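Today I am going through a fold with a notebook beside me. Here is the structure, and below it is what I looked up.

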Amino acid sequence: MAKLLLGTAVVLFACLELGSAFRLVCYFTSWAQYRPGAGKYKLDDLDPCLCTHLIYAFAGMKDNQITNLDANDLTLYHKFNSIKNKNENLKTLLSIGGWNFGTQKFSAMVSTSENRQIFINSVIKFLRGYGFDGLDIDWEYPGTQDKHLFTMLAQEMVAAFEAEAKGTGKSRMLLSAAVPAGMAIIEMGYEVPQLGQYLDFFNVMTYDYHGSGSIVTGENSPLFPLPNNNRYTNIHFNVNFTMNYWRIQGAPSEKLNIGFATYGHTFKLTSSDTGIGAPSGGPGPPGPYTRATGTLAYYEICTMLKTGTSEWDAPQMVPYGYKGDVWVGYDNERSFADKAEWLTKNNFGGAMVWTLAMDDFSGAFCKQGPYPLIGALHTKLGISTGCVPSKTTLPPAVPPTHASSGGGSSGGSGFCAGKANGIYADPKDKSKFYQCVDGVTYQKPCPAGLVFNSSCACCNWPH
Ligand SMILES: *[C@@H]1O[C@H](CO)[C@@H](O)[C@H](O)[C@H]1NC(C)=O
């Protein structure tokens, strides 16, 4: 035991994370199923190995209890969570709230201890019932009067999650929150150090810095501000400032997820000026698939710019583009990769993506393969590609490249033939290991720099 304890932190970390030190948290938006044609996003479009956490948006609230919004949500919840059969490390959360939801129901719910208890009990029952691993609170936004009550909700919720886990032997449910980028809103509504104790992670919405309401063009999610002498710059409206602000206010770095947008904000140009800070006559027209004025999905942007112009905004480390009188500030593979590198260098906990359905999820539009943007994060953050079917849910989906014996744990072919289900060292390569599921062989890499250790059946630092 003592031997194991020497490396406890690393061993635990490697065993739990098996793949990457970073989170890649991706939002699934149920309404994208109603988009037309190739923009329609179905649950079959989910890639079980792309993200470490999937969040279903959104649930609602009735009589202080969590509830579904759409009649078909209940069927979708079930299918959404069954995707974990294909990736045993994948976690799913249900997000309550959103920008349309308002604050009134949240404020009323947190206002008394009794209401909070009703809500917390409903969350445990609802989430367990549908197979979610946690709750994401998207309250936009708590105000001064709710500030401390929000902390109390988080504290009581985690205590209830812990008690439930102890009672049932299941792993504790997760609690996260989607939180704003605006300094004034953060100051008003959040007790940051206290929330940092209770939340498992913060999904910081580091985008929408510059929207179509502005009279000049600007970037949606710049990493850095424009140079100081630029009159269109606001030193607070960039990822670097916001993330450092949350950290300085007392949120632990490893709990902070940086928000990445798979969409852009559009503007109507009114002069021959096509740069940042060019005069704008208002938002650009809706996209053919996402159908919202002033925003375009990445797959609509790459389509538009095939016959338009795109420029790299070097100081802010994001691109912009234009065609005719439509201007768009957006993100591409390069800016996602650059920001992810900045994320790892600055020791943040991970990335959050809004949304799966606005990346070129099928690869049909941009011809860069499926999920070019989220894929860039997956690569840069070192998320393991060896995603292993769950051992606890039957039957695991077997990838077509592996022939299944169909005969339980004694058949199969390759390394795992005849071996019991479990994890085994790779005798030829210390940086890899095998997972055997019903005789089927899965080879997985350890996180970079770690080697497989048979005594803990986990990846650890080489001694
Ligand atoms: C990033 O933010 C930090 C903290 O606010 C600041 O000191 C630093 O100058 C910023 N970097 C850039 C390139 O703006």
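**Whole chain.** I began with contacts (heavy atoms within 4.5 Å): of those in the protein chain between residues at least 6 apart in sequence, 70% join residues at least 24 apart. I am working on a predicted model, where local features need pLDDT of at least 70, side-chain atom pairs count only at pLDDT 80 or more, and totals for chains, interfaces and linings use all residues. Residues are numbered from 1 along each chain as its sequence is written, and side-chain values use heavy atoms, with hydrogens and water left out.

I find 12 helices and 19 strands in the protein chain; these are DSSP runs numbered from the N terminus, with helices being H or I of at least four residues and strands E of at least two. Of the 463 residues, 53% are buried (under 20% relative accessible area, against over 50% for exposed and partly exposed in between, with a 1.4 Å probe and protein chains only).

**Helices 5 and 6.** How do helix 5 and helix 6 pack? I read an angle of about 45° between helix 5 (residues 113-130) and helix 6 (residues 147-168), with their axes 10 Å apart. The axes are lines fitted to C-alpha atoms over the stretch in contact, and angles run from 0 to 180 degrees between N-to-C directions. Helix 5 and helix 6 are therefore oblique to each other (angles under 35 degrees count as roughly parallel, over 145 as roughly antiparallel, 65 to 115 as roughly perpendicular, and the rest as oblique). On the helix 5 side I noted, among others, F119, I120 and V123, and on the helix 6 side residues including M152, L153 and M157.

**Helices 11 and 12.** Helix 11 (residues 333-345) meets helix 12 (residues 372-380) at about 30°, and their axes are 9 Å apart. That angle makes the two helices, 11 and 12, roughly parallel. Their contact includes F336 and A340 of helix 11, and L373 and L377 of helix 12.

**Backbone oddities.** I found a cis peptide bond from A57 to F58, with omega near -5°; F58 sits in strand 2 (residues 53-62). Another cis bond runs from E140 to Y141, with omega near -5°, and Y141 is in the loop between strand 5 (134-138) and helix 6.

Is N64 buried or exposed? N64 is buried, at 19% relative accessible area, and has a positive phi of about 65° although it is not a glycine. N347 also caught my eye, with phi near 60°; at 53% relative accessibility, N347 counts as exposed. I placed N347 in the loop between helix 11 and strand 14 (350-354).
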